[in-house]
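Thank you for making the time this morning. I would like to take you through one structure, starting from a single annotated residue and working outwards from there.

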Amino acid sequence: MKLKLKNVFLAYFLVSIAGLLYALVQLGQPCDCLPPLRAAAEQLRQKDLRISQLQAELRRPPPAPAQPPEPEVRPTIYVVTPTYARLVQKAELVRLSQTLSLVPRLHWLLVEDAEGPTPLVSGLLAASGLLFTHLVVLTPKAQRLREGEPGWVHPRGVEQRNKALDWLRGRGGAVGGEKDPPPPGTQGVVYFADDDNTYSRELFEEMRWTRGVSVWPVGLVGGLRFEGPQVQDGRVVGFHTAWEPNRPFPVDMAGFAVALPLLLAKPNAQFDSTAPRGHLESSLLSHLVDPKDLEPRAANCTRGTGVAYTDREAQDEAGGAAAAAGPGLRPSS
Ligand SMILES: *[C@@H]1O[C@H](CO)[C@@H](O)[C@H](O)[C@H]1NC(C)=O
């Protein structure tokens, strides 16, 4: 019994020593728990930094509200139409006014060649539903066509177009419709549309954002199936025309539009009634733009614009010349 107790005690002693030794050995081992601790500390530091940044941001006064961007207003198209009394006048004006009513943001300047406003035109304008200004100016006797004289002896509509330019420049003269000229800074474009032509509605969107003077092809004019600028690399380099190609601007009245601010900036730019045949357009445009700065529209003037002269005289002329001009012409839409 005595011996047994001693053995038990010895065993207990040995186990304790072994435990102690194990514990001592473990204490000496390098601890591998430091890197995660450091990482946690670094994360905490980053979070503190972010919090103090956010607090600083909160203390800063709020930034001044940004100016709302000026909404770009769609420019108004001012369509200038000279008109005179004749059998087909009402039919032509009905057709034109109904084309124009398909176009948003459009202002029609209808200028009568007459002593005073006629009931036919006043009534037609009132019924048209269009935004319009009614103007009147009688062509001086010296510039009138005499019976049987061909149309090119005196260019028609010169006084009337200039009357519309006067109104746009604030010189008044309206006998009906909107009497006040465009307020200063108005974004707009001016187009001269005679009452005997055909115009596609798409044409008006081509011209709307004109910065200076824009150009495009016109059909059945100048004895050709179409006439228009020649474009290379997006620039006008010449003109496709059968007649006097050396005119400064061999473009037709229906083949260009002018930005309103440009017209207002050049108060002397107007049509010259004494200009030689075919030079009427040049008499205005040479005040306004260098031919190389013309802005080609209608896919670099490759697309028909639906502008065409429809009067009998022009059609007869075009019929003959189209055959002479031969194949290779692009169709005029
Ligand atoms: C016109 O031509 C220019 C230069 O070749 C080109 O960059 C532009 O995209 C063309 N425009 C259209 C509408 O085809």
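**From an annotated loop to the core**

Let me begin with Asp196, which sits in the loop between strand E5 (188–192) and strand E6 (197–198). Please keep in mind throughout that this is a predicted model. In UniProt, an unreviewed entry places the annotation "binding site" on Asp196. Is this residue buried or exposed? Its relative accessible area is 17%, and because the cut-off for buried is under 20%, Asp196 counts as buried.

The second annotated position is Glu281, which the unreviewed UniProt entry lists under "active site". Glu281 belongs to helix H8 (residues 280–285), and with a relative accessibility of 10% this residue is also classed as buried. If we set aside residues up to four places away in sequence, Glu281 touches Val251, Asp252, Met253, Phe256 and Phe271.

Some of those names come back when we turn to Phe192, which, leaving aside its neighbours within four places in sequence, is in contact with Val80, Arg161, Leu165, Met253, Ala254, Phe256, Phe271 and Leu284. Phe192 is also one of the residues that touch the most other members of the largest nonpolar core, a set of 35 residues, and it shares that position with Val213, Phe256, Leu284 and Leu288. Which helix gives this core its largest share? That is helix H5 (residues 158–168), from which five residues come. There is also a second, separate core, made up of 28 residues, and among them are Ile77, Leu110, Leu130 and Val221. As a general remark, nonpolar side chains in soluble globular proteins tend to be buried together.

Now to the ligand, which has Asp233, Gly234, Ala299 and Asn300 around it. For Asn300 we can be more specific, since a polar atom of its side chain lies 2.4 Å from an oxygen atom of the ligand. The ligand taken alone exposes 360 Å², and 33% of that is buried by the protein.

Two further loop residues deserve a careful look, and I will take Thr139 before Pro117. Thr139 is located in the loop between strand E3 (131–136) and H5, and it counts as buried, at 11% relative accessibility. Its side chain makes a polar contact with the side chain of Asp113 at 2.7 Å, and another with the side chain of Gln160 at 3.1 Å. Not counting residues up to four places away in sequence, Thr139 touches Arg144 and Glu159 as well as Asp113 and Gln160.

Pro117, by contrast, is partly exposed, with a relative accessible area of 43%, and its place is in the loop between strand E2 (106–112) and helix H4 (119–128). Where does this loop residue meet other parts of the chain? Beyond its neighbours within four places in sequence, Pro117 is in contact with Glu112, Ser122, His134, Val136 and Val175. Between Pro117 and His134, which are 17 residues apart along the chain, the C-alpha separation is 8.0 Å.

Let me finish with the chain as a whole, which contains 10 helices and 13 strands. Of its 333 residues, 40% count as buried, and the accessible surface comes to about 19,500 Å², with 59% of that belonging to carbon and sulfur atoms. Among contacts with a separation of 6 or more, 74% are accounted for by residues 24 or more positions apart.

Key
Residues numbered from 1 in each chain as written. Predicted model: local features only at pLDDT ≥ 70, side-chain atom pairs only at ≥ 80, totals over all residues. Heavy atoms only, no water. Core = buried A, V, L, I, M, F, W, Y, C linked by side-chain atoms within 4.5 Å. Buried < 20%, exposed > 50% of the residue type's maximum accessible area, 1.4 Å probe, protein only. Helix = DSSP H or I, 4+ residues; strand = E, 2+ residues; numbered from the N terminus. Contact = heavy atoms within 4.5 Å. UniProt positions renumbered as here; feature names shortened; annotations may be inferred. Near = heavy atom within 4 Å. Polar contact = N/O pair within 3.5 Å; in protein donor to acceptor, adjacent residues only side chain to side chain. Areas by Shrake-Rupley, 256 points an atom, 1.4 Å probe, with all protein chains shown as cover.
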